[in-house]
Amino acid sequence: MLLGVALPALVLSPRHGQLTGVGVEGVFLAGRRLLSRCVLRVAGREPVPLRSRSTAADRADFLGAMRAPGDTGPDPGLVVERSREADGTERITLRSSVARPLRLPVELALGTDLADLGPVAAGRPGTELTASVHGTGLRWTADDGAAVTVSVDPPPSDALAAAGLLRWEAELSPGGCFVLTLRIRGERSGRRPLGASNGRPGGHVVADAVAEGEDLRPGPLLRASVADLRALLQRDPTHPADVYLAAGVPWRTGPVTAEALWAARMALPLGTRLAATTLRALARTQHGGPGPEAGRIPGPLRDAGPHLPPRCTGVEATLAFPVVLAEARRWGLPEQDLAELLPAAERCLDWLRGAVDDNGFVPDPWPAGPARAETQAHAHRAAVLGADLLDACGRPGGEAWRDWAQALRERFRSRFWLDDPSGGRPVLARTADGRPLPHLGGWAAHLLDTGLTAAGRHAPGLLHKAQTERLARLLAAPGLDSGWGLRGLGEKEPGYNPFGHRSGAVRVHETAVAVAGLAVAGHESEAAALLRGVLDAAEAFAHRLPEMYAGERRTVGALPVPHPAACRPAAVAAAAGVQLLTAVLGVRPDAPGRTVALHPLPSAPLGEVRLSGLRVAGEPFAARVGRLGLGMVEEAAPGLQLGV
């Protein structure tokens, strides 16, 4: 299945190019299927499919061929090209290589049920509606007043509404072509356009960054990542000036989520506006008033694997909020955005202070869930970067939060680490009664994610040096590293499933977090191995990384196995491509301090790499790392000094 996205529009096409109405095929807008069938026949026959590919985030192209009527040889004399875009535009070109003039009947069989995406995805499509002739095409109307119109240029010579058929007589000279252009337009009741918006956000939100170098993989990966991030942008329904990323297509295009915030954080090298608008959208959902809920951002429960109850994405978003705001400031967030968002960040920190249990840890789901190691890492990062943020903005409480983080570090190092003769391992979680769950997985990468502070320095980590070294070895071992990236649960752990979302599948953004964290901690070989694995996987997925793929062990000549339910594109996977490549250069900005530092991987695992079109302090930024692992800034904002 090929997917084109330009939210709120998307199109899902089978690889043969014909929309047959089977499964989730079709053109969708604002969660509603506008067209389920679009079957082309020339002289009563369908073209033989030869090639299909996604040529952009919002477009798929198809190539087919067929013999002309009367030809007896094996060679096709007719080529059919189709270009289908997410916005409901399709161009069909019939080309002739036959040495004689041709007059061929061409027909399109169209149909729709105007069903919602949810029931369609669950295997419960609606009944196909009856069309009526409308203008240069057909129109369908549902019981609730929603309607869709398909217009075609040139107009058909005949239209059979009851069968959904449009017909033409195509005249083709030798070497000539016949072109049809379809345009699909949806309407709500009252003839209001379905899914209407104030235009698609694009380059002013996500910068058009470029990667170049000796290794050819970073270029198309960054290009696809930027295109997917732009395709996933959607406007806040009540505040259309604000945009945020849909978590993933086709299943998760609803309200702003924790994934949207994490993706905005990983995409900070492409500009701070996405982070600002995502933070604003989340701040509007924040619980207000007095009481224990005050300051928490609500969010749904998500699967947490075989050993834990579902986690609360609202807790995750609440702890991420001050972190993303603090780091966005380092990348150059405008002062007016900072001032507007600071009160919401302070409310998140206020909630965190009262959210800990009797043992001093944050339960998830709150207030009575287990204490998860990953959640403690998020809480620690929020406290450290929150303190940095409060100090920078002249607000009280920074020193108290540093003391809070120090106490959490000490508790964590003793309670969330199991010693053994091999050096020990971190604990997945502690249950409410204090029982440790020792199951190792990709979640442990978050223990290395410390966050960015003043002068481009990284904050202190949850683990001490020996524990960090041991974790680096564990992440690089075959039990966790599949060869394509980190498994969500170790291969030898109870409950391992190579397709399990949190029980063995490779979740791309966790591997990106690990690469960045290992690089900062000085474990270059482990970081480089994981980096190469994901770049190889990206190449197998045409550089459009899915949300996850199977954690099957890599073997010679094998390819990564797709996950049948994975979103592709997905916000955190697309943003992971940005984080992976900026980790290679080690870009560490401090826009308020007017410095930017480069700490590239010394071994230059990808050879010479150049990144341009990034944004630091609101201006274009370009840098390169050479074969010897030395970094050089080539373009930066005026007055920005090279830090150490």
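Start by selecting helix 4 (helices are DSSP runs of H or I of at least four residues, strands are E runs of at least two, both numbered from the N terminus): 10 of its 11 residues are buried, so helix 4 is largely enclosed by the rest of the structure. Buried here means under 20% relative accessible area, with exposed over 50% and partly exposed in between, using a 1.4 Å probe and protein chains only.

A word on what you have loaded: this is a predicted model, in which local features need pLDDT of at least 70 and side-chain atom pairs count only at pLDDT 80 or more, while totals for chains, interfaces and linings use all residues. Residues are numbered from 1 along each chain as its sequence is written, and side-chain values use heavy atoms, with hydrogens and water left out.

**Stop 1: helix 4 and its cover**

Colour the buried residues of helix 4: L274, A275, A276, T277, T278, L279, R280, A281, L282 and A283. Now show what lies over them. The cover includes strand 19 (233–235), strand 20 (243–245), helix 3 (258–266), helix 5 and helix 6.

Keep helix 4 (residues 273–283) on screen and add helix 5 (residues 313–331): the two axes come within 10 Å and cross at roughly 155°. For these values, axes are lines fitted to C-alpha atoms, for helices over the stretch in contact, and angles run from 0 to 180 degrees between N-to-C directions. That angle makes helix 4 roughly antiparallel to helix 5. The cut-offs are under 35 degrees for roughly parallel, over 145 for roughly antiparallel, 65 to 115 for roughly perpendicular, and oblique for the rest.

Which residues make the contact? Pick A275, L279, L282 and A283 on helix 4, then F321, V324, L325 and A328 on helix 5. Contact means heavy atoms within 4.5 Å. By class, the contact of helix 4 with helix 5 has eight nonpolar, no polar and no charged residues. In this scheme Ala, Val, Leu, Ile, Met, Phe, Trp, Tyr, Cys and Pro are nonpolar, Asp, Glu, Lys and Arg are charged, and the others, Gly among them, are polar.

**Stop 2: helix 6 on helix 7**

Next, select helix 6 (residues 335–355) and helix 7 (residues 373–392), which pack at about 135° with their axes 11 Å apart. That makes helix 6 oblique to helix 7. On the helix 6 side, light up L338, L342, A345, E346, L349 and L352; on helix 7, the partners are A379, A382, G386, L389 and L390. The residues of this contact of helix 6 with helix 7 divide into nine nonpolar, one polar and one charged.

**Stop 3: helix 7 on helix 8**

Hold helix 7 and bring in helix 8 (residues 398–415): the pair packs at about 160°, axes 8 Å apart. So helix 7 is roughly antiparallel to helix 8. Helix 7 contributes residues including Q376, H380, D388 and D391, and helix 8 contributes others, among them W401, R402, W404, R409 and F412. The class count for the contact of helix 7 with helix 8 is 11 nonpolar, three polar and four charged residues.

**Stop 4: three single residues**

Jump to P589, in strand 30 (residues 587–590). P589 is buried, at 0% relative accessibility. Put a distance label on P589 and R330: they are 259 residues apart in sequence, yet 5.9 Å apart in space, C-alpha to C-alpha. Not counting residues up to four places away in sequence, P589 touches R330, W331, L452, G456, T595, V596 and V616.

Then find H446, in the loop between strand 27 (436–437) and helix 9 (465–476). Is H446 buried or exposed? H446 counts as buried, at 6% relative accessibility. With the same sequence neighbours left out, H446 touches E374, A377, H378, R381, E510 and V513.

For R67, look in the loop between strand 8 (59–66) and strand 9 (78–85). R67 is partly exposed, at 37%. Leaving aside neighbours within four places in sequence, R67 is in contact with R45, G73, P74, D75, P76, G77 and L78.

**Last stop: the cysteines**

How many disulfides does the structure hold? Zero, a disulfide being a pair of cysteine sulfur atoms within 2.5 Å. Select C38, and the nearest cysteine sulfur, that of C177, is 18 Å away. C38 is buried, with a relative accessible area of 0%, whereas C177 is partly exposed, at 42%.
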